[in-house]
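Biologist: I would like to learn how to read a two-chain model. Please take me through it feature by feature.

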Amino acid sequence: MTEATMPAIEWAMIMPVIIMMLTGCVALIIEMFWPKQNNNLIVGVTLAGLGWTAFNLIGQLGSPAGETLNGLVVRDTMGLVTQLVLVGVTFLTVLFSEPYMRQKKIAFGEFYPLALWSAAGGMIMATSHNLLMIFLGLEVLSIALYCMAGLSRQEHKSEESALKYFLLGAFASAFLLYGIAMFFGATGSLHLSNMPDHFHGEENLLVISIIMMLVGLGFKLALAPFHQWTPDVYQGAPTNVTAFMATASKAAALVAAIRVLSSFAIIEIYWQPLLVAIAVLSMAIGSLSALVQKDVKRVLGYSSIANAGYLVVAFLADYELGDPNFTSAIFYLVVYSIATVGAFAAISIVAKNGKEGTRFEDLYGMWKNSPLAAGALVVFMASLIGIPPAAGFFGKLLIFQSALEAEFTTLAIILAAASVASAFYYLRIMHAAFVENQGPIPTQAAPMKFGLKAALMICIAGTVIFAVTAGKVSQTISGDQPETAISVMNTTGEV
Amino acid sequence: MGILSTLLLIPLLGAVAIALVPSQYHKAIKWLAILFSGVTFVASLGLINQFESGTFHMQLVEKAEWLPQLGIGYHVGIDGLSFWMVLLTTLLMLLSLIFSVYVEKRAGAYFGMMLLLETAMLGVFMSLDLVLFYTFFELSLIPMFVLIAIWGGANRKYASKKFFIMTLAASVFMLIGIVAMAKHYAATTGVWSFDLVAIQAAVADGSFWAGAMQLQPIIFWSFALALMVKCPMFPFHTWLPDAHTEAPTAGSIILAGVLLKMGTYGFLRFLLPLFPESSRDFASLFMILAVIGIIYGAIVAAMQTDIKKLVAYSSVSHMGFVVLGIFSLNHSGLMGGAYQQLNHGISTGALFLMIGLIYERIHTRAFKDLGGLKAQMPIYAALFLIVMLSSVGLPGTNGFIGEFLALIGSFQTGAAGLYGIHWILPVLAGLGVILAAVYLLIMFQKTFYGPITNDKLKRLKDLKGWEIGLVGVFVLFIFWGGLYPNTFLKPLEKSIAAARMMAINDGGQRPSWAEPTHEISDSGDLMRVAERTETGGWHEDYPGELVAKANHHFLATEIAVELPGPEEMGHGDDHGDDHGDDHSEEGDDHAEEEEEH
């Protein structure tokens, strides 16, 4: 460490993040130069930047795993797929944001650069084995999100949401940082791959470290018991921000948690039972508490808690099976993200004239005014319940398969029970969209804008296409390894 | 693309086409829907030509890869059992769509959902892959939920959710069971597979459950519960009366006619072939629940004041006979159960149609508003009488044959004391037939006789020509099925015999869909066929080696234990060896001939 040598940089690996960051700067500059204009140009630039990033990432999908910047940035299939998820949900959110924000009269151009930077923070988080980088990514992701959550300045709910998210988020970050410090104290390094195979020193330090980090990351993942903020913040934040929060922040935190936990293999006897308890608690709270809610966004907040629980089950099973790409967890993340962004996009249609009604009653009559949004809502709810042939079913199927193979039968059964319980509130949402409006409130007929239509269509297409091509997709996620399980069709299926 | 995939695709395309038609063109939407379901029906008639009733093997099989790394494939095919279910589905769907011209509210969504439902139901009856089956099984939930939730009656919100949640709750655990099956298959063979044919082949030779017998009842129940809720069997029937009462008429026809059959079809397709030991162990429990359902459903039906609710409870009762027949594990009983599935679809479908016809006119279904209809609508009354008597099970109508076979079969099993089934069960079930006559005749009396108390009724005109035609189709099948049941029983025969032997024979002697040399002889024995006829079929003149006799389970020891004295039915025990055959009259003689070959 005495001579300071410039590490060799492989630009290709950090290119996606650079594009995202620079696009954000360009979008901000445009906003600064034409502040009074409409945001169409900013949206265009943002979408173009996101498209370029996605193109870049897809190009890298087949390339071999590696690392650069002294191991600060790694490239592997899991990281690339997660980055794609982040770019994808940002793209979808941006698509439906402009019409929504105009209806809410909060059409601030700052949203777009913030979203880009936030997503870039998530991308950093998802592609590093260095704890400091993970922390850095998390802060970039979060700070941008704090601002976005408070975007609707006139609304008290939005302000409260931002403040709550900020205070609790800062608190959770402190936990994470504390855990990182403990890790440094125990191993003398910030690098996860420097975790020794056999640890002879103070094991307690590592145990405390992993618990601290679990708190920090569990907060971002919206896992119980660190979930209290979720329904409030989801409800208060503007719907497009909630959509972004429920997916991007979860995706990045999940992958970071996967990387941290799986490198703590030597003390897995400590964190595994803890994680099982967290998963069960999340599924129970997420699927039961939402039953009495009156607000769709709150309900989706609880749904996000339950789904975080499913993701943890998937992670535990994949970990137990030694799957380096965590196929079932990442696949579920993909299908969850599509359905969730789609659901928020669909309910964003009820915003009008600066007001936002997201109680169940506000969805009444949706079918009449915008059949596409109502129909789309059915598809996304079906996917979240796990009704085939929606993609969500295959997500759950993969989880069940991994869980049973890893002998987590009880967890699988709890997951099934949670899905049934959560079906209650997904059905309520579905039902609300089809109820005719009988109340005194006239049905709001917000016209469908092109961006929203496009976002809904893409999400529906994704839900259907990922179901039909579930084999291909899960194969991509699990990397291009030779197939271990050969189709039975070729061996015994000859009748 | 084969005919089965085409059948799956046509209604789906119809649903998409209807979604593209702007909603103000009501007429166009209706005609489009009828056209698509009509084309599906005509295409399904093509199955009659292509279907070979002499074999129990899956026919018209189509395969494609879907998730190869998990062993999930697109695999469809039909045997005798699914053959009739497919035809029943396409027929009932066409008829109920024709009836649905009454629907004015949101026609586009309504007809789209109906066609989507048709694809789902057809898929259930054709799937030969467990995940594909589950996909269609669950896919049927959403359209039915929407149909009840939007076009339902006053209490539709509650009914639709109850329907959805109850069936979903049970079937999610079936999904775990399905994955556990595949996992166990992977444990025994090294590859993941959800393929029904492949798994059943492993079950048939006894290798699948060997060493995992403790697993079998667990997975069995995960399947059984989902199917019992769908069926529905007591005590899981509670969603049915609500769903039926609230559903629109066409929804009720489809619900009673086809959706319930998914449960009993699942018994025959999955429980018996995949879980032989458990099927035998729990047969008596299923019989007891079936009998409770028969009696309970009948008594509750007799108490109803709403004509539709009465028919809904009668469904609980009638589906009990199907289960009774199936779990008698006796050839006559199974035939009766499988046949009663079709009959119930026709009879109860027709009853719901008749109720719908009157409901569209006077918008009430309560008995107190009816009465004296016969004078106003004589044709309607006559048709109603026929349909009702078929539901009672009057000889000469289809209902009689099915219930009679189911009762006979279960009584034979009960009399022989097999599988722990007591003979009192079929006797009690027989009471259900009488009770059915009681409540249905009361219903007829209350509806058609007596003075007219409701002024609305006085303005009623009789059925229109096309409505008579619609009911006439049902009446045709009622008499056809009652007077010449062989048309319907013949294609079932081999598949039913195979399903039964898959359940009751020991490993190695079970028929297997994957084993092309296996065939069932006309006398019901399992043969290994050396040579085939030119058409690929096989019959008794061709050489074949006996694998297992039809009456294989009637072991001498079992008879000795279970039948200490000469029994009225046990005429076969004088042979002293494995003949205790008391179930198929002709089968016995043939079986002996076979042995001499």
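Biologist: How many residues of chain A are in contact with residues of chain B, and how many of chain B?

Modeller: Keep in mind that this is a predicted model. A contact here is a pair of C-beta atoms within 7 Å. By that test, 33 residues of chain A are in contact with 43 residues of chain B.

Biologist: Which elements of chain A give two or more residues to that side?

Modeller: They are helices H15 (371-385), H16 (391-405), H17 (409-434), H19 (470-477) and H20 (488-491) of chain A. H17(A) supplies the largest share, 10 residues. By class, the side of chain A that touches chain B has 22 nonpolar, nine polar and two charged residues.

Biologist: How do I judge the overall form of chain A? What is its radius of gyration, and what does the globule rule give?

Modeller: Compare the two values. Chain A has 22 Å, and the rule gives 23 Å for 495 residues, so chain A is as compact as a globular protein of that length. Its C-alpha atoms fill a box of roughly 70 × 65 × 45 Å along the principal axes. Chain A holds 20 helices and two strands. Of its 495 residues, 59% count as buried. Among its contacts with a separation of 6 or more, 80% join residues 24 or more positions apart.

Biologist: And chain B? How many helices and strands are there?

Modeller: Chain B has 23 helices and five strands. Its radius of gyration is 24 Å, which agrees with the value near 25 Å for a compact globule of 597 residues. The box for its C-alpha atoms is roughly 70 × 55 × 45 Å. Buried residues make up 61% of chain B. For contacts with a separation of 6 or more, the share at 24 or more positions is 75%.

Biologist: Now helix packing. At what angle do H16(B) and H20(B) pack, and how far apart are their axes?

Modeller: Read the angle and the axis distance together. Helix H16 (residues 378-392) and helix H20 (residues 465-483) of chain B pack at about 30 degrees, with axes 10 Å apart. Angles under 35 degrees count as roughly parallel. That makes H16(B) roughly parallel to H20(B). The crossing is left-handed.

Biologist: Which residues meet there?

Modeller: From H16(B) come Ile379(B), Leu383(B), Ile386(B), Val387(B) and Ser390(B). From H20(B) come Ile468(B), Val471(B), Phe474(B), Val475(B) and Ile478(B). By class, this contact has nine nonpolar residues, one polar and no charged ones.

Biologist: What is the usual backbone geometry, for phi and for the peptide bond?

Modeller: Most residues other than glycine have a negative phi, and most peptide bonds are trans. Now look for the exceptions. The bond from Ala224(A) to Pro225(A) is cis, with omega near 5 degrees. Pro225(A) lies in the loop between H7 (203-221) and H8 (229-236) of chain A. Another cis bond joins Pro388(A) and Pro389(A), with omega about 5 degrees. Pro389(A) is in the loop between H15 and H16 of chain A.

Biologist: Where is Ala222(A), and is it buried or exposed?

Modeller: Ala222(A) lies in the H7-H8 loop of chain A. Its phi is positive, about 60 degrees, although it is not a glycine. With 29 C-beta neighbours inside 10 Å, Ala222(A) counts as buried. Leu60(B) also has a positive phi, about 55 degrees. Leu60(B) sits in strand S1 (residues 59-67) of chain B. Its 19 neighbours inside 10 Å make Leu60(B) partly exposed.

Methods
Residues numbered from 1 in each chain as written. Chains lettered and ligands numbered in written order. Predicted model: local features only at pLDDT ≥ 70, side-chain atom pairs only at ≥ 80, totals over all residues. Axes fitted to C-alpha atoms, helices over the stretch in contact; angles between N-to-C directions. Helix = DSSP H or I, 4+ residues; strand = E, 2+ residues; numbered from the N terminus. Parallel < 35°, antiparallel > 145°, perpendicular 65-115°, else oblique. Left-handed = near helix turned anticlockwise from the far one by under 90°. Contact = placed C-beta atoms within 7 Å. Nonpolar A, V, L, I, M, F, W, Y, C, P; charged D, E, K, R; others polar. Rg over C-alpha atoms; globule rule 2.2 N^0.38 Å. Buried ≥ 20, exposed ≤ 12 C-beta atoms within 10 Å, placed from the backbone.
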